[in-house]
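These notebook entries record what I looked up in one structure. They follow the order in which I consulted it.

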Amino acid sequence: MQQLAPLSDRELLQRFKAEPTSGRYFTAIFCRYSPIVYSLIRHSARSPVQADYLFALTWRHILNELGGLDLPAEDATPQRSLSLQSWLINVTALCINQAILPEVEEIHYALEEASPPLWCYVERALDSMEPVERLILVMARTFHWSDTRIAAYLQAEGERISPSEVANRLRVACRHLEQALPEDIYQIYIQALTTLAPRNGQGPASRGHRSPLPELASSPLE
């Protein structure tokens with residue numbers, strides 16, 4: 001990330017568009033402008049928990065809209081000038097005005113557990129997973145259901161699955177979630193904090209070291 005610090009906003013945006021499977025350019029923009037965005041949000045929410053949640057929602061909206069942003073040429077007249085900072089402020093104001101936030105007890109997101117860039121890309125990774133795997137992962141890691149309870153729920157929904165099969169599917173789901181994350185996001189937020197080897201099935205991860213990804217994946221879900 002330090003290598004991206006000298007890049008201008010325009011360069012970060014261009015690289016973000018050119019490398020859609022990379023997450024580091026969005027993360028660099030987040031690092032550069034998160035204090036401004038959070039300052040605007042902090043004064044509009046009724047509680048710190050809601051402020052953190054709205055902060056994450058705002059950055060998710062920014063990520064979804066950023067690919068369609070075209071900054072004017074550097075030699076544009078002041079009347080046509082639009083900076084990334086001003087665009088982010090406008091998007092933040094829009095999110096503040098339109099957000100309908102749940103009550104504090106209904107929010108499962110914790111800013112200290114998952115930075116918004118990780119939150120955003122984990123959500124995208126979850127969306128790419130097979131529905132039953134995603135459901136098992138959410139039930140186990142977000143709501144802390146037992147294998148037996150998950151199996152009973154799935155059986156009621158027509159899925160023939162035993163508690164032991166749930167445990168196996170959960171391990172597979174965690175691995176698929178890790179694999180679905182952009183490699184640089186995995187390195188920035190997960191691998192740097194653990195002794196895990198690169199995602200190739202070798203090294204410490206294959207010898208029983210437990211990845212923190214499932215807990216991080218559980219935090220952002222609405």
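**Entry 1. Phenylalanine 143**

I began with the contacts of phenylalanine 143, leaving out residues up to four places away in sequence, and found that this residue touches His108 and Val138. I noted that the model is a predicted one. Phenylalanine 143 is placed in the loop between α6 (131-141) and α7 (147-156). I then looked up the separation from histidine 108: the two residues are 35 apart in sequence, and their C-alpha atoms are 9.3 Å apart in space.

Is phenylalanine 143 buried or exposed, or does it count as partly exposed? I recorded it as partly exposed, because its relative accessibility is 40% and that class lies between 20% and 50%.

**Entry 2. Histidine 144**

I moved on to histidine 144, which is also found in the loop between α6 and α7. Its phi is positive, at about 60°, although the residue is not a glycine. I classed histidine 144 as exposed because its relative accessible area is 65%, and exposed means over 50%.

**Entry 3. Arginine 149 and tryptophan 145**

I looked for a charge placed over an aromatic ring. The charged end of arginine 149 sits over the ring of tryptophan 145, and I noted a distance of 3.9 Å from the ring centre.

**Entry 4. Aromatic pairs**

I next looked up ring pairs. The count comes to 8 aromatic pairs. One of them is formed by phenylalanine 30 and phenylalanine 55, and I entered it as tilted, with 5.8 Å centre to centre and 50° between the planes. This pair links distant parts of the chain: phenylalanine 30 belongs to helix α2 (residues 24-42) and phenylalanine 55 to helix α3 (residues 48-66), with their positions 25 residues apart in sequence. Phenylalanine 30 counts as buried because its relative accessibility is 9%, and the cut-off is under 20%. Phenylalanine 55 is likewise counted as buried, at 4%.

A further pair is made by tyrosine 109 and tryptophan 119; I entered this one as edge-to-face, with 5.8 Å centre to centre and 65° between the planes. This pair also links distant parts of the chain, with tyrosine 109 in the loop between α4 (84-98) and α5, tryptophan 119 in helix α5, and the two 10 residues apart. Both tyrosine 109 and tryptophan 119 are buried.

Which residues do ring pairs link into a cluster? I listed Phe26, Phe30, Tyr38, Phe55, Trp59 and Tyr121.

**Entry 5. Alanine 125**

I returned to helix α5 (residues 116-127), in which alanine 125 lies. I recorded alanine 125 as buried because its relative accessible area is 1%. Setting aside neighbours within four places in sequence, I found alanine 125 in contact with Leu177, Ala180 and Leu181. I also looked up its separation from proline 182: the two are 57 residues apart in sequence, yet 8.7 Å apart in space, C-alpha to C-alpha.

**Entry 6. Cysteines**

I checked for disulfides, and the structure holds 0. I then looked up the burial of two cysteines. Cysteine 95 counts as buried, at 12% relative accessibility. Cysteine 120 is buried as well, with a relative accessible area of 2%.

**Entry 7. The chain as a whole**

I turned to the overall make-up. The secondary structure comes to 10 helices and 0 strands, and the pattern along the sequence reads α-α-α-α-α-α-α-α-α-α. Of the 222 residues in the chain, 44% are buried. I noted an accessible surface of about 12000 Å², with 50% of it belonging to carbon and sulfur atoms.

How many of the contacts between residues at least 6 apart in sequence join residues at least 24 apart? I recorded 66%.

**Entry 8. Confidence**

I closed with the confidence values. The mean pLDDT of the chain is 84, and 82% of its residues reach 70 or more. Over residues 195-212 the pLDDT is below 50, and this stretch has 30 contacts in the model beyond near neighbours in sequence. The pLDDT is also below 50 over residues 214-222, a stretch for which I noted 31 contacts in the model, again beyond near neighbours in sequence. Where pLDDT is low, the predicted coordinates should not be read in detail. I therefore took no detailed reading from such coordinates.

Note on methods:
Residues numbered from 1 in each chain as written. Predicted model: local features only at pLDDT ≥ 70, side-chain atom pairs only at ≥ 80, totals over all residues. Heavy atoms only, no water. Helix = DSSP H or I, 4+ residues; strand = E, 2+ residues; numbered from the N terminus. Buried < 20%, exposed > 50% of the residue type's maximum accessible area, 1.4 Å probe, protein only. Contact = heavy atoms within 4.5 Å. Phe/Tyr/Trp six-rings, centres within 6.5 Å; stacked < 30°, edge-to-face > 60°. Lys NZ or Arg CZ within 6 Å of the ring centre and 35° of its normal. pLDDT = per-residue confidence, 0-100. Areas by Shrake-Rupley, 256 points an atom, 1.4 Å probe, with all protein chains shown as cover. Disulfide = S-S within 2.5 Å.
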